[in-house]
Amino acid sequence: MASDREAFNLCGPSHLTTVDWGNEDHQRCVAACLVQGIYIVERDRQLKREGSEALALPWWESFNFKLIRHLKDDADFSIFGGIYEYKSPQQESVDSGAPRYVIAFRGTLTKADSITRDIELDIHIIRNGLHRTSRFEIAMQAVKSMADSVGASSFWLTGHSLGAAMALLAGKTMAKTGVYINSLLFNPPFVSPPIERIANEKVRHGIRFAGSLITAGLALSRTIKQAQQPQQQQLQLQNLSEDPLEALSSWLPNIHVNPGDHLCSEYIGFFEHRGTMEQIGYGAGIVERMAMQHSLGGLLMDAMGVSNAVEVEEPVHVIPSANLIVNKTNSEDYKEAHGIHQWWREDQDLSSHIYMYK
């Protein structure tokens with residue numbers, strides 16, 4: 001049975017009759033709808049809805065897009081992403097600002113045909129191992145191929161929840177090579193205790209400050225421990241002065257979060273805390289830069305000698321620069337705070353702030 005939230009005419013952005021591609025609100029609405037289209041096309045497949053019974057088509061056709069390719073998982077054959085091509089109306093100018101293509105990724109579907117594989121991918125995010133999965137390899141191949149064929153400025157990356165993590169990691173991977181893709185990410189997971197939910201601001205800052213000191217200390221200890229020869233040790237210490245996040249600093253993804261969603265709300269405190277550490281001085285900024293490059297859980301496991309328990313590489317959620325869009329509208333529950341539907345509604349209280357890595 002179809003849900004009302006799957007039908008475009010019942011819950012889609014009815015206010016968006018004409019798209020102004022220079023308007024960030026319109027861009028957000030369209031991107032969110034294209035992600036929803038991937039959710040629905042997978043549900044159509046699972047429920048065998050075809051022809052007039054299928055519900056996915058309006059989610060992209062309403063904005064003059066065509067779904068030209070499905071991205072399928074090689075483990076359960078579910079559709080986890082798709083490539084859209086924009087078909088501009090005749091009256092629209094060539095330089096309207098519309099993307100020629102959009103690559104979109106859905107999040108976790110709590111349905112029998114896909115939930116096992118999706119949760120497996122969610123666990124890989126927690127373990128900082130998403131880059132090792134075959135689904136991400138399929139996604140990365142699509143992104144790289146698109147960048148090589150049409151250029152990074154000609155397409156968008158977008159996704160929700162697990163799909164936002166996929167898009168984020170793909171965008172980061174490309175950005176490290178100097179290729180910056182316009183990315184609109186909805187509720188990307190931030191693997192951390194939900195410190196942002198603590199009401200007392202001083203307590204929140206104290207916890208984050210302590211976490212930064214511990215993480216940076218463990219990272220430094222691990223780096224020195226790995227150096228076997230005096231010459232190698234000197235090289236390792238020299239590398240500490242280099243900033244691996246510098247190559248990413250020019251990439252400015254649009255990260256959409258809701259304070260009521262504990263899976264992504266820590267992005268708010270993450271960027272605010274970094275600014276606070278820079279203001280403190282006395283090397284606090286350097287400590288924070290070192291801490292944000294590592295997973296505290298992975299470093300603790302490594303320090304205890306538990307090998308391969310958790311990856312100690314840079315967490316997916318670490319982004320040096322971003323345009324952070326926060327939905328301050330009160331949500332009834334977690335489901336609403338995490339849902340993709342909020343991002344195409346026009347009655348939302350949104351604020352945005354650009355954080356540049358310096």
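Q: How many residues of each class, nonpolar, polar and charged, does the lining of the largest pocket have?
A: This is a predicted model, where local features need pLDDT of at least 70 and side-chain atom pairs 80 or more, while totals for chains, interfaces and linings use all residues. Numbering starts at 1 along each chain as its sequence is written, and side-chain values use heavy atoms, without hydrogens or water. Ala, Val, Leu, Ile, Met, Phe, Trp, Tyr, Cys and Pro count as nonpolar, Asp, Glu, Lys and Arg as charged, and the others, Gly among them, as polar. The lining then has 15 nonpolar, 12 polar and 6 charged residues.

Q: Which residues lie nearest the centre of the largest pocket?
A: A pocket is an open set of points on a 1 Å grid over the protein atoms alone, with protein on both sides within 12 Å along at least five of seven lines, and lining residues have an atom within 4 Å of a point. This pocket has a volume of about 970 Å³. Among its 33 lining residues, those nearest the centre are Y39, T108, T110, H160 and H338.

Q: Which helix gives the largest share of that pocket's lining?
A: Helices are DSSP runs (H or I, at least four residues), numbered from the N terminus. At least two lining residues come from each of α2 (24–46), α4 (115–126) and α12 (334–338). The largest share, 4 residues, belongs to α2.

Q: Which residues line the largest cavity?
A: In a cavity, a 1.4 Å probe fits but cannot get out. The lining here has no nonpolar, 7 polar and 1 charged residues, around a volume of about 30 Å³. The residues are N258, N327, T329, N330, S331, E336, Q342 and Q348.

Conventions:
Grid points are joined across faces, edges and corners, and a volume is the space filled by probe spheres set on the points.
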